[in-house]
Amino acid sequence: MNCPTADKLSQFVDQLLPEQEMDEIKGHVQSCSSCGIIINAYQEEQHFIKETLQTPTLPENFTDLVLDQLEPYGKAYKQRRKAPWKKVMIVAAGIVMAVGIGATVNPAFAQFIGGLFATDQVDEGLQIAAESGLTKRVDLEVEDQGLTLRVEDVIADSSRVSLSYKVLNKDGKTLDTNLNMADSNNDIMAIDQNGNVLDGLGVGTGWRKGSDYGFVQFSLRGEDNLERLTIRFNLVELNGVKGNWQLDVPVDLHENRKLTKMADLKDATSIHHGVQIDLKKLQTAPSSMELYFETAYTKEEQNKFNEAKREFEEKFGKSSVDNLIFGNSTEIKYHIENAEGKVIYSTAGDKNSDAAGMLQGEGKDLSTSGGTGWIHSFVPKNEDQLTFVLDGVYKKDLTDFSVTMKPKDIQKNPVTFDYKSSHLTVKSVKKPLFGEDKSVIIKMEGGMDSLDSDFGNWIAVDGKGRSYPTTFSGSIMDEKDKNGRHIATMDLQLHGLEEVPEELTLHLVSMRSYYPVEEQWRVPLTGEY
């Protein structure tokens, strides 16, 4: 397959793509160093954002808590006050974890004030679950090579299982909690009540240098029949020390599942711009609220797509076109209103606003054309009479756009083109200074109407009619130019070219497009069962 777009690689890092696309890109990255570099950059950026946004805050009653620890002869009554929650949501890879505190907390004092789940190291959903009394202190530990792994607290409901842990030396001092899952043979698995390993559960780990705590989380979304779990730690390395730390943590889901509410949406269905949307159910658990729905092309839309695809295959070859339009999934943009008509959730909201609140989005390929089964998870709020409102749909379109240029004349006469949301200027066409010899890089700059815009997928053809596959890296920034467009840059790499040709034509094969609905589709999220 050709290299995925930068947007797709970003969604891959955030685990927002359907399962089939995730597998395709994962396999591709193993043999493509260029995409591996891009993914590493996204992961480093993600880690930086987590560390930057998670600033430490002390509870309002911090002074009282300290005095309580020092006072030897009983305590006066003090009213408990809730510390303010930070309104920062991060869509992280696989599992959303707002991790990291700025200062190390003494283990005994951390236990006194409630452990990890009483801090803003975790997302608001887990804070709400902790406030509701769902935190279970387990204090299970295993020791080897003078190091102890201790699992302290567990929160479990129908949406997820979350565990906090520490790493201690022989003197009881807390150490770095990074389990280095990517570069070691460390493993953490979930086992159901029948002894089966659950490979399909999303798992994530979080840590921060200088913090006492590490964090492990398994997603249970879509796993309605689980009554009990065992979370098994199989660790062979801690803090660079080889050893054997195996620990089983039993988790009982039965009682906490009773706290989950379901609203059957009875397959509320609507069609917009050739995309069919089927709302399935709304599930509200103590730590998160999930909306289940499916999207797919209508039969008429798929027939139109297949006809356009055949024309491209005749022109450029079937394999080239297939590689450029893989992952032909459908998506939607929507918001959710409360009884007063206020937007409390939005897939397009500012991440720092009250209306964002998305914890995670998961997609799984369905057998239907362009079909994807979605689960969107939000921070729970004590709101009744919620209403789903559709704003628009995303789908992949095959295009008929092309632009021809004389590379040697670009410096004097830059080529500018507009297509839908793309407003780009070709600044240079050159051989790369480093890396692959048989390639040419086309640098473009310009603007996009929206941060959701897509650079599309391209094929290059030289003046002799020979076609070349392309890959690109690019970015669309919050900052806008004088025309009010988001500043964008793109490097389009043409593979198989030993020299810069006299003439090049770029054909835009496919592009993800957004279509706002003509009239908003509104569905009450009611019907509890």
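Strands here, like helices, are DSSP runs, a strand taking at least two residues, and they are numbered from the N terminus. With that in hand, let's walk through this predicted model, beginning at a loop. His273 is found between strand S9 (261-272) and strand S10 (275-284). His273 isn't a glycine, yet its phi is positive, about 50°. That's worth a look, since most residues other than glycine have a negative phi. Is this histidine buried or exposed? His273 comes out as partly exposed, at 25% relative accessibility.

Asn180 tells a similar kind of story. It sits in the loop between S3 and strand S4 (187-192), and it too has a positive phi of about 50° without being a glycine. Its relative accessible area is 27%, so Asn180 counts as partly exposed.

Now for a hairpin. Strand S1 (residues 136-144) and strand S2 (residues 147-156) run antiparallel and are joined by seven bridges. One of the pairings puts Lys136 opposite Val154 in S2. Two residues lie between the strands, and Gln145 in this hairpin takes a positive phi near 55°.

Finally, go to helix H6 (residues 124-131). Six of its eight residues are buried, so the rest of the structure largely encloses it. The buried ones are Glu124, Gly125, Leu126, Gln127, Ile128 and Ala129. What does the covering? S2 is part of it, and the cover also includes strand S3 (160-168) and strand S6 (214-219). At the N-terminal end, Asp123 caps H6, with a side-chain oxygen 2.9 Å from the backbone nitrogen of Gly125. After the helix comes Gly133, with a positive phi near 90°.

Key:
Residues are numbered from 1 along each chain as its sequence is written. This is a predicted model: local features need pLDDT of at least 70, side-chain atom pairs count only at pLDDT 80 or more; totals for chains, interfaces and linings use all residues. Side-chain values use heavy atoms; hydrogens and water are left out. Two strands pair if DSSP finds at least two bridges between them. Helices (H or I, at least four residues) and strands (E, at least two) are DSSP runs, numbered from the N terminus. Buried means under 20% relative accessible area, exposed over 50%, partly exposed in between (1.4 Å probe, protein chains only). Contact means heavy atoms within 4.5 Å. A polar contact is a pair of N or O atoms within 3.5 Å; within protein, one must be able to donate a hydrogen and the other to accept it, and residues adjacent in sequence count only if both atoms are side-chain atoms.
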